[in-house]
Amino acid sequence: MQLLQETIRPSADLRNHYSEISKCCKERKEAVIITVNGRGDTVSLGYDEYRRMKSRLELLEILAEAEEDVNAGRIAPIQDTFKELRKSLKDKLL
């Protein structure tokens, strides 16, 4: 897994150097941290990187919920799960 590179730019650069910032995000796949008065304010990402990051976070949330279920004993044999799914789908079709 490759770590996301970061670049720090002042907020004025959004107005004055937008195409440069866009290029950093899209072509170099960097996150651009926008600062206001020297402090981090927002982050800009290329759309593709945003979608990848969002997908990874959603998967991690699902895995964390599954781990919680296992730790709390909320598990069932896979055969029972498939049986319930088949019944649910059959009921919806009828």
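**Notes on a tyrosine pair and a two-faced helix**

1. Let's start with Tyr50, which is partly exposed because its relative accessibility is 40%. A quick caution before going on: this is a predicted model.

2. Tyr50 has a partner. The structure contains one aromatic pair. In it, the ring centres of Tyr47 and Tyr50 are 6.4 Å apart and the planes meet at 35°, so the pair counts as tilted. Tyr47 itself is exposed, with 57% relative accessibility.

3. Why are these two tyrosines about one helical turn apart? Because they sit three residues apart in helix 3 (residues 47–71). As a reminder, an α-helix has 3.6 residues a turn, so residues three or four places apart point the same way.

4. Now have a look at helix 2 (residues 18–26), where Ile21, Ser22, Cys24 and Cys25 are buried. These residues lie on the same side of helix 2, because they cover an arc of only 160° around its axis. Ser19 and Lys26, on the other side of helix 2, are exposed.

5. What do the buried residues of helix 2 pack against? Their partners are strand 1 (5–10), helix 1 (12–16), strand 2 (30–36) and strand 3 (39–44).

6. Two of those buried residues are cysteines, so you may wonder about a bond: how many disulfides are there? The count is zero. For Cys24, the closest cysteine sulfur is that of Cys25, 6.6 Å away, which is too far for a bond; a disulfide needs the sulfur atoms within 2.5 Å. As for burial, Cys24 has a relative accessible area of 3%, and Cys25 has a relative accessibility of 4%.

Conventions: Residues are numbered from 1 along each chain as its sequence is written. This is a predicted model: local features need pLDDT of at least 70, side-chain atom pairs count only at pLDDT 80 or more; totals for chains, interfaces and linings use all residues. Side-chain values use heavy atoms; hydrogens and water are left out. Rings of Phe, Tyr and Trp (its six-membered ring) pair if their centres lie within 6.5 Å; planes under 30 degrees apart count as stacked, over 60 as edge-to-face and the rest as tilted. Helices (H or I, at least four residues) and strands (E, at least two) are DSSP runs, numbered from the N terminus. Buried means under 20% relative accessible area, exposed over 50%, partly exposed in between (1.4 Å probe, protein chains only). The arc is that of the directions from the helix axis to the C-beta atoms. Contact means heavy atoms within 4.5 Å.
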